[in-house]
Amino acid sequence: MSDQFVFAMEVTLNGLMAGVLYALVALGFVLIYKASGIFNFAQGVMALFAAMTLVGIMNGQVPFSHLINATFGTDLHDFGWHLPALLAILLTVGVMVLLAWGVQRFVFSHLVGQEPIILFMATIGLAYFLEGLADLMWGSEIKTLNVCLFGESGCLPQGINETIDAVTYEWFGYGFFIDNLDITATIVAAVLVAALIAFSQYTKQGRALRAVADDHQAALSVGISLNFIWILVWSLAGFVALVAGIMWGAKSGVQFSLSLIALKALPVLMLGGFTSIPGAIVGGLIIGVGEKLFEFAIGAPFLGGATENWFAYVLALVFLVFRPQGLFGEKIIERV
Amino acid sequence: MKLKLTSLALGAALAAGPALADLTFPDLSYRTGPYAAGGIPFSDGYNDYFTLLNERDGGIGGVKVKVTECETGYNTEKGVECYEATKGDSPMVYQPLSTGITYQLIPKATADGIPMHTMGYGRTSAKNGDVFSNVFNYPANYWDGASGVVNYLLEINDGNINGKKLALLYHNSAYGKEPIRTLEELSKKHGFELVLLPVDHPGQEQKSQWLQIRREKPDYVTMWGWGVMNQVAIQEAANIRYPMENFIGIWWSGAEHDVLPAGAAADGYKAVTFHNVGRDFPVFDDIQTYVIDAGKAAGAGDQVGNVLYNRGMYAAMLAAEAAKTAQEIHGTQDITPEMMRDGMEALEITEEKMAALGMPNFGPSFKVTCGNHGGDGMVGVNQWDAETQTWSLISDFKPTDSEVIGALIAEDSAAFAAENNIESRCK
Amino acid sequence: MFYREAGDFHTTYTSDSQTFPIKFDRYRYYVILVIAFLVVPFIINDYWANAILLPFLIYAIAAIGLNILTGYCGQVSLGTGGFMAVGAYACYKLMTAFPDVSMFIHVILAGAITAVVGVLFGLPSLRIKGFYLAVATLAAQFFLLWLFNKVPWFYNYSASGQINAPEREVFGILITGASAPAWATYLFCLIFCFASAIVARNLTRGTVGRKWMAIRDMDIAAEIIGVNPLRAKLSAFAVSSFFVGISGALFFSIYLGAVEVGEAFSIQKSFLVLFMVIVGGLGSIFGSFAGAAFLVLLPVALKVLGVDMLGWPTDIVAHFQLVIVGALIIFFLIVEPHGLAQLWRLAKEKLRLWPFPH
């Protein structure tokens, strides 16, 4: 087996892992789009907001401390406690549910029945608002995210996986690099998707959710509260955003750029279709492998590198030309 | 930041404009946006040093200093707005703090007769003062940085890096591409192999690059990164277990916030620098007494001694010294931007001067001349200790390869001069 | 009372179908033109030109361009930043290759080159629709930026990788570079902005515009009644990119004078122009101006209010800016979902009836 082939295998594996991380972000978009037809531009900012809130709660930071100090001349910084990650995650989920309620109550309940472009625009406003709010609440420094579920143990692992390294070395004479964090992310994503599917298949709320996704009017007429469903969907999206924020934030620290991960999810959405959860996963995997392999085989050796950003979009574009609704999107039936 | 917003508002309304004699130093800061983590400490240091001068010495040469802060968010268009908004009240010197804003302001500030100081960033060939009359980039520039990295490698390899492999991991933008020419020249001269690895903005996803590093096993990796790219690169280097002591960043990739997210794994990471680090300098005691404890700090007061805080303070010190020089040359306390420019061109920083300011060996000694606006390009190396969470200078400020850099600067500045019909002005 | 049609009779088709059939509108329009062309140039200073009016005019051109594509033809595009970059680099290459040719010609040629590139990237629109197309145009955005960054020919092999606008004159008056007087740069941009608005307005109410709108409202129906979707969509891409290219050329040569492609024409720019169009009002030329004004002027106004007048710390003001802009977008949507242009239309409607609303 030639070296190039072995390297390509390693790149492919890593591409799959990266794809899972993209899919995590894309999931949040799909959830909201499916249930309410809203293309939620604020999903990336929600990930940032969730991650900042989590770190803030964990470190016992006083929210709005900078503003309070500037206004009242006080010198507040933190409460002086350090919460366990599990509790902080629960509290953050609470904040995200509250946010979902607020979004529904103050924004979208006033925009029922509007065209998609207008709902999209509302999410633009929401993105601006949340970005400013997150910075006001928690400050714009980079925060180190260190999630340990059980005190000192159960931390998010990072770094090369020794087992895979050793096993592949045995097989190919070259140890593969797989990041432990990526493996964790894959497991978390699998659990998340399984939970979401189970939730939508086997619970009353989940069935209501699917009913709403199928047909708003019909769902309303059988007595499903749209209001409740939408709060539920935004909460779920908020939770997915938190998970994505943790996974990406563990690598880079929690900072403004987290909100840009949405850009990585867009080609995934295009490819997988805006309405399909399996689509988001498969799309993510295809994009991840595609861009990494292209960079490996063509980008870096012949084009001077850094081709991943545009290649992901071009790849998605090529797929779309053949399937305009994405791989798993609902077939577009047009009538006059 | 302990002043009340309301009282500030009242005060601003009552004061009705600054006293005329104040020396105005605009501070184009970026405390928000994607690079805020770097902008906050720099701006804090810049402000605090001037506050110290006001509180301790009554300003510069008896004239109070006023710092007008303007938020750019690292955005060129906002930078233009800031420049236009502040250029009216006779600003002493601009520190644009962003490559984009710098290129933007070079012709504008030159036309308006206002000096600019781009310390360790901006247009490298501005070192040639013959062409760039109003732009200063002492004490060091990017090409010095690149040469400094190579010099350090020579130093630890007993002067021979023939056949070694150096990978440059860079932000795929004008900034990141700065060192390529210098490194290419140096690789010819010293016989090392150069591998180029661009990372697209913003740089959250660098798996491809680090897999390539893992496959090609370069002996050293150097990085021209900015923003989130720094933290991710250091984390990925740790992930593939690349030896940290062989990983050397430029000075914009070597602050506390770049290494802290990776935790203990970042131990041993290095970065080149043109100023000293840590808070073991007498000047910090004064800052503590006169500024922080007096409640006059620009920020939360928790950044003192950080790499970028020190850089901001160093920039303020150089500006203040240039203003003093200008006051001496022109024999007046009330200097104009043009006089300030002359002061910057005649600036001389010596070891004694720095020691007298409470900053012994804080930066290299250098002398600015009409033809040389960039100092002598002395570059040192810092190393990060994750245990104590401190940077320390492990290689003192040493001269860089002026032969190679000088030729490149002459070439680029000649092109600029030809494009803009600039006459030679130095004798 | 003041604003009414009574007594305003049209006796010819030309007068009936003019842009502003109501006399009051027409006069107001003339007054604005007179102020913009004859008053402002005499009182303008550097701050007003460089910080407020130039960006406003240039973004307005870009917004008009995008509005043609998105508002009139219904094709959502997120490639605006990339197309602006094409305009800027085309202008730079032309400026440096032919220093003696007038800047007017360079800017128009830059627009034409962008139009060609726009058509090329508009081809997928024949197959892909809605948000899928929006994301597909991002391919153009990222690819173009990568290209301009990668190929040194585009920036004339300069060591810095940036492009700088050399000094150029129009009728003997400097309009690019640092020493260009504020009034000259302002007038230069104003002429382009004015011309773009006139051309766009007349295109959109003629045959071409009606075809675009037919495609926007339902492309299959439009096809059935005989609108050629290929021609309609591609012509919309061409015209839209032409304007966007002009705005990119002006953005680089007149307003900034030096740009780095990744920073000046990033994806944020695409979003910003799209936001202007949506906030201002889709399918309205006035909306393009209103949206550009909202997103250019409001942050500056908030900054002046917060920092210069109230003396608050700059970072808090910057954060509040985001919160307020976001909240205002949502507020306007709830009050009037079709953008500022629709608010304006409603206000006019009310004025016509005032003081007898029934």
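# Exercises on a predicted three-chain model

In the hairpin formed by E12(B) and E13(B), where four residues lie between the strands, B:Gln389 adopts a positive phi near 55°. The exercises below start from this hairpin and work outwards. The structure is a predicted model, in which local features need pLDDT of at least 70, side-chain atom pairs count only at pLDDT 80 or more, and totals for chains, interfaces and linings use all residues. Residues are numbered from 1 along each chain as its sequence is written, while chains are lettered from A and ligands numbered from 1 in the order in which they are written.

## Exercise 1: the sheet of chain B

Task: Describe how E12(B) and E13(B) are joined, and then place them in their sheet.

Solution. Begin with the vocabulary: helices (H or I, at least four residues) and strands (E, at least two) are DSSP runs numbered from the N terminus, and two strands pair if DSSP finds at least two bridges between them. E12(B) and E13(B) run antiparallel and are joined by six bridges. One residue pair to look for is B:Val381, whose bridge partner in E13(B) is B:Ser395.

Next, widen the view to the open sheet of seven strands in chain B, which has mixed pairing and the order E6-E5-E7-E8-E9-E12-E13. Its edge strands are E6 (193-199) and E13 (390-398) of chain B, each of which pairs on one side only. Neighbouring strands of this sheet are turned by 25° against each other on average, direction ignored; here axes are lines fitted to C-alpha atoms, for helices over the stretch in contact, and angles run from 0 to 180 degrees between N-to-C directions.

Then compare a parallel pair: E7 (residues 220-224) and E8 (residues 247-249) of chain B pair in the parallel sense over three bridges, and B:Thr222 stands opposite B:Ile248 in E8(B). Finally, add the helix H5 (residues 142-156) of chain B, which packs on the sheet and touches E7, E8, E9 (270-273), E12 (379-385) and E13 of chain B, with its direction at about 70° to that of E12(B).

## Exercise 2: the domains and dimensions of chain B

Task: Which residues make up domain 1 and domain 2 of chain B, and how many residues of each are in contact?

Solution. The bounds come from an automatic or database domain assignment, which gives domain 1 as 19-140 + 281-377 and domain 2 as 142-273 + 379-407. The C-alpha centres of the two domains of chain B lie 27 Å apart. Taking two residues as in contact if their C-beta atoms, placed from the backbone, lie within 7 Å, one finds 14 residues of domain 1 against 22 residues of domain 2. On the domain 1 side, helix H2 (36-57) and helix H11 (307-330) of chain B each supply at least two residues.

As a last step, consider the chain as a whole, which has 14 helices and 13 strands. Its C-alpha atoms fill a box of roughly 65 × 50 × 40 Å along the principal axes. The radius of gyration, taken over C-alpha atoms, can be set against a globule rule of 2.2 Å times the number of residues to the power 0.38; for 427 residues a compact globule would have a value near 22 Å, and the 21 Å of chain B agrees with this.

## Exercise 3: two contacts of chain C

Task: Which element gives the most residues to the side of chain B that touches chain C, and which gives the largest share to the side of chain A that touches chain C?

Solution. Start with chains B and C, whose contact takes 39 residues from chain B and 33 residues from chain C. H4(B) gives the most to the chain B side, namely eight residues. That side divides into 13 nonpolar, 14 polar and 12 charged residues, where Ala, Val, Leu, Ile, Met, Phe, Trp, Tyr, Cys and Pro count as nonpolar, Asp, Glu, Lys and Arg as charged, and the others, Gly among them, as polar.

Now turn to chains A and C, where the contact takes 43 residues from chain A and 37 residues from chain C. H5(A) provides the largest share of the chain A side, 15 residues, and by class this side has 31 nonpolar, nine polar and three charged residues. For chain C itself, the secondary structure comes to 15 helices and four strands.
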